[in-house]
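Let's take a walk through this fold together, one piece at a time. Keep the viewer open as you read.

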Amino acid sequence: MLEAKVHSQLRDFSRLHSEQEWIHQLTMGRMIARGLRLQSSTIIQTGINHKHYYLSYLIPALLSPYSVVIIVEENSLLEFIFEECIFIQKHIDYHKKILNYYPKNKELEKPTLYIVDTKNWLERIFKDEAIDNLTTIIVKGENLIETTYQYLTLTISYSQLLSMIEDLDFSHQDLIRGKLANLLQLIYSHPPNPYDSYLLEKQEKNLIKDILIHSQSNNKLLTDFLSSLFSQEKYIHYFIINRSQGSFLLKATPLELKSIMEEKWLDQNLIIIADYLEPEKVPLDYGNHLGLKLKDFTCLKFSPNPQGKILKIYFPDNFPFPNNPSFATKVNQEILALISGIKINHCPIIVIIDDVPLQGQITASLAASFGSRVKLKTTDLALNSILVCDTDFWLNYQDALLSPQLVIMATLPLPSLENPIISAKVSYFKSQKKDWFRLYLLPIAIKNLQRISISLRQNQGVLALLDNRVNYRIYGRQILQALEPYGKINYLDLDWIN
């Protein structure tokens, strides 16, 4: 049976060639082998980052007598997996052809492993070219919702609108040029915000409709964007300004995925692997977002908190709330004290600040004290580096970087309402008379904290959370429950941190 073969080969290979030890590796390998053998859909929450579990799906995929597709998020991971597969096949008993593109039906005569990036896979899904009953392993499934939104987002640049004018009849050019000038004036009348992005207002949408209608364009992007404007209840329309270049991007993002995606999964065998999705084994909200029928899935969730891996959390006592005028000063003092107290910098220190102005202030202050050790949003880190970044940056790159000794978070990783997409989705929840904070913002914050804590537990590092709302708001209990087991202190104990 495939499960037994995978167990034996994975165990023997790991003993000889893997430096990473993970207590659930064999269990996960057998689980994926079962999904491949039975062609049954599966969701696995690993509770640990990719570099610890990749053998658990690569060896089953290579040993399976069926063709399998592995979907990866970025090219660097695709190259890594491709090289690892070639290396693994030199040491196991079964050899399978490996290709880095999505197959056509006629290519499925021989068992083959296809490694494909998410964008190319989504193109096949939305062109209805995905092969039925071909098992697909999705790596880093925690990002699938956001990646799908990005793929479905329509984007028109200012330069595209200008070039469109050149293709018009001379009689139309002045009309469209005037409307485009009016649109540009309206867009640049919006006051700056940290994201340089804003929801399109009614007058701006009407102008864009007029421009696209009069363009008489056969360009699919332009006609799709125009169609989205006539289906406003299904899309979030916004724009992003580049003030230094005097340009902008118009964007249309679907408001929800369920109605778009649920038919795309018919006859698809999916094995979704994620570090963390939700507190429960069966990720109901995740499945609902993507239109997955979870009753057809086998769900497994490994504990992110193995014995002895207690998360150490530091909450400073009597700290001002983020809306207090003294918060920025206090945060700066606390971060300087924490970093100065580290005796030996054998791992990077991560400072996560989502507020853009505060991020700039803290970076400047740290650079004045610690010089070139301070880095801003870069993956080029030394052992003693101090990286300042936002939540999204750290979540996107933490797998590729050294596990930190200390992570300092200025505030809870709650999505900002200044982000137009977040604002529009909150309005959508409000229109349905739903609790937008508890159903939308809070689950995102808990998910982000869980994912941030994964590498900290592994390295026995410390999470310093400078947001006192955890201690004084009712939802703070829910956040702490999600981080169990943990040990916390509310005073600066440098011996504990070191």
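Let's begin with a pair of helices: helix 17 and helix 18 lie roughly antiparallel to each other, because their axes cross at roughly 150° and angles over 145 degrees count as roughly antiparallel. This is a predicted model, so please read what follows in that light. The axes of helix 17 (residues 420-431) and helix 18 (residues 436-459) come within 9 Å, and helix 17 passes helix 18 in a right-handed crossing.

Who makes the contact? From helix 17, look for Ile422, Lys425, Val426, Phe429 and Lys430; helix 18 contributes Trp436, Leu439, Tyr440 and Leu441. Sorted by character, the residues of this contact are seven nonpolar and two charged, with no polar ones.

Now turn to the sheet. Its four strands form an open sheet in the order 6-9-8-7, with antiparallel pairing. At the edges you will find strand 6 (154-157) and strand 7 (197-199), each of which pairs on one side only. From one strand to the next, the twist averages 20°.

Within the sheet, strand 8 (residues 235-242) and strand 9 (residues 247-254) are joined by eight bridges in the antiparallel sense. To find your bearings there, pick out His237, whose bridge partner in strand 9 is Ala252.

Two helices pack on this sheet. Helix 8 (residues 158-166) touches strand 6 and strand 9, and its direction makes about 65° with that of strand 6. Helix 9 (residues 170-188) touches strand 8 and strand 9, with its direction at about 85° to that of strand 9.

Notes
Residues are numbered from 1 along each chain as its sequence is written. This is a predicted model: local features need pLDDT of at least 70, side-chain atom pairs count only at pLDDT 80 or more; totals for chains, interfaces and linings use all residues. Side-chain values use heavy atoms; hydrogens and water are left out. Two strands pair if DSSP finds at least two bridges between them. Axes are lines fitted to C-alpha atoms, for helices over the stretch in contact, and angles run from 0 to 180 degrees between N-to-C directions. Contact means heavy atoms within 4.5 Å. Angles under 35 degrees count as roughly parallel, over 145 as roughly antiparallel, 65 to 115 as roughly perpendicular and the rest as oblique. A crossing is left-handed if the near helix is turned anticlockwise from the far one by less than a right angle, and right-handed if clockwise. Ala, Val, Leu, Ile, Met, Phe, Trp, Tyr, Cys and Pro count as nonpolar, Asp, Glu, Lys and Arg as charged, and the others, Gly among them, as polar.
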